[in-house]
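Please consider the structure shown below. The discussion concerns its surface charge and its aromatic side chains.

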Amino acid sequence: MRRVRLPIVPNTVRWGAVLTVAGIILYYSIRAGPGTQTFHTGPLGLFPYSDWLHFLAYACLAVMLAYALHDSRLRGWHVFLLVFCCAVGYGVTIELLQSRLPSRTFAFGDIGVNATGAAVAVGCWRALVRYARFYRAAQLADIESPV
């Protein structure tokens with residue numbers, strides 16, 4: 001079976017992506033999220049729109065963390081456990097922060113949705129790692145500019 005080839009970009013880019021996603025989650029946790037005043041249900045009308053946003057945000061955070069830690073010295077299952085715990089811990093911290101803001105509320109349901117998003121993402125990442133072959137992307141300094 002042929003494996004999918006995926007690039008591993010430099011550490012600074014990967015951790016920058018993690019911080020960017022975490023910052024976006026923080027920003028929209030303090031302010032109203034996009035479409036929250038307009039939409040009441042998410043795709044297919046199955047779950048509330050805010051649950052979709054929570055699920056996707058923490059799934060994205062978990063994937064970014066897993067990607068950033070992909071070439072670490074940790075064993076595979078340690079990485080998955082660390083990623084899950086970090087994503088859920090960040091979600092709990094955000095919920096605690098929201099409990100102090102007059103315009104926001106603390107919700108155990110949001111923590112559950114965050115954990116579900118992180119768990120699904122970790123599971124998908126684990127499956128991807130089994131069937132992908134990662135290679136080092138070229139550094140910007142290594143790329144020759146055309147003359």
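The paragraphs that follow treat the charged surface and then the aromatic pairs. The model is a predicted one.

On the surface, a patch of positive charge is formed by Arg 2, Arg 3, Arg 5 and Arg 133. Of these residues, Arg 5 belongs to strand S1, which covers residues 4-8.

Attention now turns to the aromatic rings. A pair of aromatic rings is described by the distance of the centres and the angle of the planes. Across the whole structure, a search identifies four aromatic pairs. One of them joins Tyr 27 and Tyr 28: the ring centres are 4.9 Å apart and the planes stand at 85 degrees, so the arrangement is edge-to-face, because planes over 60 degrees apart fall in that class. Tyr 27 is partly exposed, at a relative accessible area of 44%, and Tyr 28 is likewise partly exposed, at 37%.

A further pair is made by Tyr 67 and Trp 125. Their ring centres lie 6.1 Å apart with the planes at 75 degrees, and the pair is therefore edge-to-face. This contact connects distant parts of the chain, since Tyr 67 lies in helix H2 (residues 49-68) and Trp 125 in helix H4 (residues 108-131), with their positions 58 residues apart. Are these two residues, Tyr 67 and Trp 125, buried or exposed? Both Tyr 67 and Trp 125 are buried, which means that each has under 20% relative accessible area. Phe 134 also takes part here: ring pairs join Tyr 67, Trp 125 and Phe 134 in a cluster.

Notes: Residues numbered from 1 in each chain as written. Predicted model: local features only at pLDDT ≥ 70, side-chain atom pairs only at ≥ 80, totals over all residues. Heavy atoms only, no water. Patch = residues over 30% accessible without salt bridge, like charges linked within 9 Å, V, L, I, M, F, W, Y side chains within 5 Å. Areas by Shrake-Rupley, 256 points an atom, 1.4 Å probe, with all protein chains shown as cover. Salt bridge = Lys/Arg side-chain N within 4 Å of Asp/Glu carboxyl O. Lys, Arg positive; Asp, Glu negative; His and termini not counted. Charge placed at Lys NZ, Arg CZ, Asp CG, Glu CD. Helix = DSSP H or I, 4+ residues; strand = E, 2+ residues; numbered from the N terminus. Phe/Tyr/Trp six-rings, centres within 6.5 Å; stacked < 30°, edge-to-face > 60°. Buried < 20%, exposed > 50% of the residue type's maximum accessible area, 1.4 Å probe, protein only.
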